[in-house]
Amino acid sequence: MLYSTFIPNFATKKESYYISMEFTYDVIVIGAGHAGCEAAAAAANMGSKTCLITMDMNKIGQMSCNPAVGGIAKGQIVREIDALGGYMGLVTDRSAIQFRMLNRSKGPAMWSPRAQCDREKFIWAWREVLENTPNLHIWQDTVNELLVEKGKVVGVKTVWGVTFHACCVILTAGTFLNGLMHVGRTQLPGGRMAEPAAYQLTESITRHGIVAGRMKTGTPVRIDGRSVHYDEMEIQEGESDFHSFSYMSEPRKLKQLCCWTCFTNPEVHEILRNGLPESPLFNGQIQSIGPRYCPSIETKIVTFPDKEQHQLFLEPEGETTQELYLNGFSSSLPMDIQMAALKKVPAFRDLVIYRPGYAIEYDYFDPTQLKHTLESKVIQNLFFAGQVNGTTGYEEAGGQGLVAGVNAHINCHGGESFVLKRDEAYIGVLIDDLVTKGVDEPYRMFTSRAEYRILLRQDDADMRLTERSYNLGLAKRERYDLLLQKRENITKIIDFAQKFSIKAAYINDALEGLGTTPLRGGCKLIDLLDRPEINIKNISPHVNAFAQLLDTIEGRKEETLEAAEIKIKYRGYIERERLIADKMQRLENIRIKGKFDYANLQSLSTEARQKLTKIDPETLAQASRIPGVSPSDVNVLLVLMGR
């Protein structure tokens, strides 16, 4: 049965002519934040008839907090989204006003791209993508009811009384579910400043047995740049080399801007400390848990009472606006206390702000009730992605959205589920952590969460994921051809370095000039490239045959040379970690779902019985990662499996 409404066609002169608009889809995505945008684009690009429902089409891809993408481990996630055929990397590059590669002083496993973006241009870049994606329709409305029949989702209803029917529904509502904002003792309902909250939807989901909870996040003041004394701050320049987020982007086109840093001081802390009785975080007004790794300024002074200063980052909101974002000063204190404290920072003594910082509480759903595909274990064909799963961050949301969109399409049209493993992607680590361990605070990705981070570098996300995405039907041919070209060129460089012999007399003068020890005898070129002082660029002018080979490299040359050099210099570490990952894969291949009645296995510890019953893991490896399941419990399961 087709559900439709009639909308006037204003393009025709016939006043009585109407067109019919169907409201039946393969996939419906609720919410057009970072998870929703990636989910809708992925499902539509794979061929599903998709509808993206958003409260406000002018806030598609809105950066609710910091107008920046990437950072430690988060940058790797964006590279993975891009490698898989998603859009966050492309949209970021198009709207970037500053780019930096973080952690350059450490090994390449830690290198993490980060970009400051023009907030408004980011929104419109996303909207341009979505409005021109085949199979994708956008509807401006608010969903307030989930339609479920016989344990399976069949559609949604909206506040405007429209009924949508679909095979799959993806919920990506961010902070909007029963959102409540706090500035001091003032409380206002809303999903973001000046935007309404979404009501009734949480209740229509939990009545089916899905567990919900409350979390909190926050954002700082927005500053009028005309009131800032920049000469009393330290400038932080961006970088202008070849690095970008997308493997397909052109050079950045927007004007590149700087950021600034400064510090709080004891006077600032004293004002904040005196204002704590008015803080919703400390007077009992807020009961939910906020992000541990992005604390408010009042939490910082309580947690670190002996610290006399905290660093602040002043970041531009756009290419032409005077609005600035004060990173490091998230707060829900009353506005007058926020202002009084900030004016004790010399650079802000004449401060004028556009709006105060605020905290927001919102609903999320227990992610242990999800499969690794992000489909609910309770309601068939219902998917969850983003902050509704207890995560924080645009990047974590985008990665979940893409996986949910792919699997929703597969549920509609058939095929093998798309699951990323822990040794395959940071997105795989993220999702496995969520569904296996659950959350008791907003989850943020760090490199330390990945046991195989040498394999999950930002430089090789395309090598890990693009071919798989292409075979799935998501990544396009152009992207796949770039991968093949890059892979061929890297192999060519490494093979040459392994085979080409160099004589000491030929190279020693150059080695001394490069500050490294001369050779006593001949060696292979790859042995020289192992030295920390030597790299492909500084040695190639002294090895003619190598320079000639490099001249034949086409496409994204600098990116290719960097990837080849990392593979050469760190090949021992990479090979060792690959061996460890492959050994662990044996446990990943032992499927245990549905094979045990854990509650009656008395040989397991009590905690293990409880946790295994709750999570019902797919594999023995997943079971081993559940908090409370010990190695001895895993051995019991191995014995029972006859292994």
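At what angle do the axes of helix 12 and helix 17 cross? Keep that in mind as you load the model, which is a predicted one.

**Stop 1: helix 12 and helix 17**

Select residues 477–499 for helix 12 and residues 557–569 for helix 17. Their axes cross at roughly 50° and come within 9 Å. Angles under 35 degrees would count as roughly parallel, and 65 to 115 as roughly perpendicular. Helix 12 and helix 17 are therefore oblique to each other. The crossing of helix 12 past helix 17 is right-handed.

Now show side chains at the contact. On helix 12, pick Lys-486, Asn-489, Ile-490, Ile-493, Ile-494 and Ala-497. On helix 17, pick Glu-559, Thr-560, Leu-561, Ala-563, Ala-564, Lys-567 and Ile-568. Colour them by class: the contact has 8 nonpolar, 2 polar and 3 charged residues.

**Stop 2: helix 6 and helix 8**

Move to residues 266–274, helix 6, and residues 335–342, helix 8. Here the axes come within 8 Å and cross at roughly 165°. An angle over 145 degrees counts as roughly antiparallel, and helix 6 and helix 8 are therefore roughly antiparallel to each other. Helix 6 passes helix 8 in a right-handed crossing.

Which residues make the contact of helix 6 and helix 8? Select Val-268, Ile-271 and Leu-272 on helix 6. Add Ile-337, Ala-340 and Ala-341 on helix 8. By class, this contact of helix 6 with helix 8 holds 6 nonpolar residues, no polar and no charged ones.

**Stop 3: the sheet 5-7-6**

Next, find the open sheet of 3 strands in the order 5-7-6, where the pairing is antiparallel. Its edges are strand 5, at 68–70, and strand 6, at 96–102. Each of these edge strands pairs on one side only. Ignoring direction, neighbouring strands of this sheet are turned by 15° against each other on average.

Zoom in on strand 6 and strand 7, the latter at residues 112–117. They run antiparallel and are joined by 6 bridges. Label Leu-102: Ser-112 of strand 7 stands opposite.

Then bring up helix 3, residues 88–95, which packs on the sheet. Helix 3 touches strand 5, strand 6 and strand 7. The direction of helix 3 makes about 120° with that of strand 6.

**Stop 4: the sheet 16-17-18-19-15-20**

Go on to an open sheet of 6 strands. Trace the order 16-17-18-19-15-20, with antiparallel pairing. Strand 16, at 234–236, and strand 20, at 353–355, are the edge strands, each pairing on one side only. The twist from one strand to the next averages 35°.

Within this sheet, select strand 18, residues 311–316, and strand 19, residues 323–327. These two pair in the antiparallel sense over 4 bridges. Which residue of strand 19 is the bridge partner of Pro-316? The partner is Leu-324.

**Stop 5: strand 12 and its partners**

Select strand 12, residues 180–183. Strand 12 pairs with strand 13 in the antiparallel sense, over 4 bridges. Opposite Val-183 stands Thr-186 of strand 13. Look at the hairpin of strand 12 and strand 13, with 2 residues between the strands. Gly-184 there has a positive phi near 60°.

Strand 12 also pairs with strand 21, residues 358–365, in the antiparallel sense over 3 bridges. Label His-182 and Ala-359 of strand 21, which are bridge partners.

**Stop 6: the loop after strand 13**

Finish in the loop between strand 13, at 186–189, and helix 5, at 201–206. Most residues other than glycine have a negative phi. Two residues in this part of the tour have a positive one.

Select Ala-194, which lies in this loop. Phi of Ala-194 is near 70°. Is Ala-194 buried or exposed? With a relative accessible area of 76%, Ala-194 is over the 50% cut-off, so Ala-194 counts as exposed.

Now select Gln-200, also in the loop between strand 13 and helix 5. Its phi is near 75°, again positive in a residue other than glycine. Gln-200 has 48% relative accessibility and therefore counts as partly exposed, a class that runs from 20% to 50%.

Terms used: Residues numbered from 1 in each chain as written. Predicted model: local features only at pLDDT ≥ 70, side-chain atom pairs only at ≥ 80, totals over all residues. Heavy atoms only, no water. Axes fitted to C-alpha atoms, helices over the stretch in contact; angles between N-to-C directions. Left-handed = near helix turned anticlockwise from the far one by under 90°. Contact = heavy atoms within 4.5 Å. Nonpolar A, V, L, I, M, F, W, Y, C, P; charged D, E, K, R; others polar. Buried < 20%, exposed > 50% of the residue type's maximum accessible area, 1.4 Å probe, protein only. Pairing = 2+ DSSP bridges.
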